[in-house]
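Welcome! Here is a short tour of one protein model, written for someone meeting structures like this early on. Take a look at the picture first, then read on.

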Amino acid sequence: MQPYVAVLALLGLLAAVVAAAYALSFAYAPPGAPGIGPYLSGGRPQEHALSRYHVRWYVVTMVFLAFDMEMVFMYPWAVVVASVGTKAVVEMFAFLALLIVGVVYAWREGAFRWA
């Protein structure tokens, strides 16, 4: 019976924190009809919700994601490279070469020119 008391106490504390967050939100909310304004503190939006980003940003995003994935794979690789040996180093350089090919292609296509 003892473990259930701890779980129930934790759930009660969680419910109290959530209720306090909602109470503070309700107390400090700007006056007006709730639900008709945008989610950013009730301020008016600067542009239409369906406005689009310039197409250049999509290419930059893809290059960023490529380097982000590189970091995701390099952290575990750094942990096991000493135990695996030369094979791990060769595979990582092949992976980096593939990413460099993508960056060179994006550069050649003018993805990094803003003028």
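## What "buried" means here

A residue counts as buried when its relative accessible area is under 20%, as exposed when that value is over 50%, and as partly exposed in between. By that rule, helix 3 has these buried residues: A88, M92, L96, L99, V103 and A106. Keep in mind that the model is predicted.

## The overall picture

How many helices and strands does the protein have? There are three helices and zero strands, so that, read along the sequence, the pattern is α-α-α.

The protein has 115 residues, and 10% of them count as buried. Its accessible surface comes to about 10300 Å², and carbon and sulfur atoms hold 73% of that area.

## Helix 1: out in the open

Helix 1 covers residues 2-28, which makes 27 residues. From first C-alpha to last it reaches 39 Å, close to the 39 Å expected at 1.5 Å a residue.

Is helix 1 largely buried or in the open? The number of buried residues among its 27 is zero, so helix 1 lies largely in the open.

## Helix 2: a helix with a kink

Next comes helix 2, made of the 30 residues 55-84. Its C-alpha atoms, first to last, span 42 Å, close to an expected 44 Å. Look along helix 2 for a kink of about 45°, centred on A78.

The buried residues of helix 2 are V63, E70 and M74. Helix 3 (86-108) is included in what covers them. After helix 2 comes G85, with a positive phi near 100°.

## Helix 3: the partner

Does the span of helix 3 agree with or differ from what its length suggests? Helix 3 has 23 residues, which should span 33 Å at 1.5 Å a residue, and its end C-alpha atoms are 33 Å apart, so the two values agree.

The cover works in the other direction too: what covers the buried residues of helix 3 includes helix 2. Helix 3 is followed by G110, whose phi is positive, near 85°.

## A pair of rings between two helices

The count of aromatic pairs in this model comes to one. The pair is formed by F73 and F95, with ring centres 5.5 Å apart and planes at 80°; planes over 60 degrees apart count as edge-to-face, so this pair is edge-to-face. Because F73 lies in helix 2 and F95 in helix 3, the pair ties together parts that are 22 residues apart in sequence.

How covered are these two residues? F73 is partly exposed, with a relative accessible area of 46%. F95 also counts as partly exposed, at 25% relative accessibility.

## What the record adds

The unreviewed UniProt entry places the feature "transmembrane region" at residues 57-81 and 88-107. How does the model look over these spans? Residues 57-81 are 100% helix and 0% strand, with end C-alpha atoms 35 Å apart. Residues 88-107 are likewise 100% helix and 0% strand, and their end C-alpha atoms lie 28 Å apart.

Definitions and conventions: Residues are numbered from 1 along each chain as its sequence is written. This is a predicted model: local features need pLDDT of at least 70, side-chain atom pairs count only at pLDDT 80 or more; totals for chains, interfaces and linings use all residues. Side-chain values use heavy atoms; hydrogens and water are left out. Helices (H or I, at least four residues) and strands (E, at least two) are DSSP runs, numbered from the N terminus. The expected span of a helix is 1.5 Å times one less than its number of residues. The bend at a residue is the angle between axes fitted to the seven residues ending there and the seven starting there. Buried means under 20% relative accessible area, exposed over 50%, partly exposed in between (1.4 Å probe, protein chains only). Contact means heavy atoms within 4.5 Å. UniProt positions are given in the numbering used here, feature names are shortened, and annotations may be inferred rather than shown by experiment. Accessible areas come from the Shrake-Rupley method with a 1.4 Å probe; for residues, only the protein chains shown count as cover. Rings of Phe, Tyr and Trp (its six-membered ring) pair if their centres lie within 6.5 Å; planes under 30 degrees apart count as stacked, over 60 as edge-to-face and the rest as tilted.
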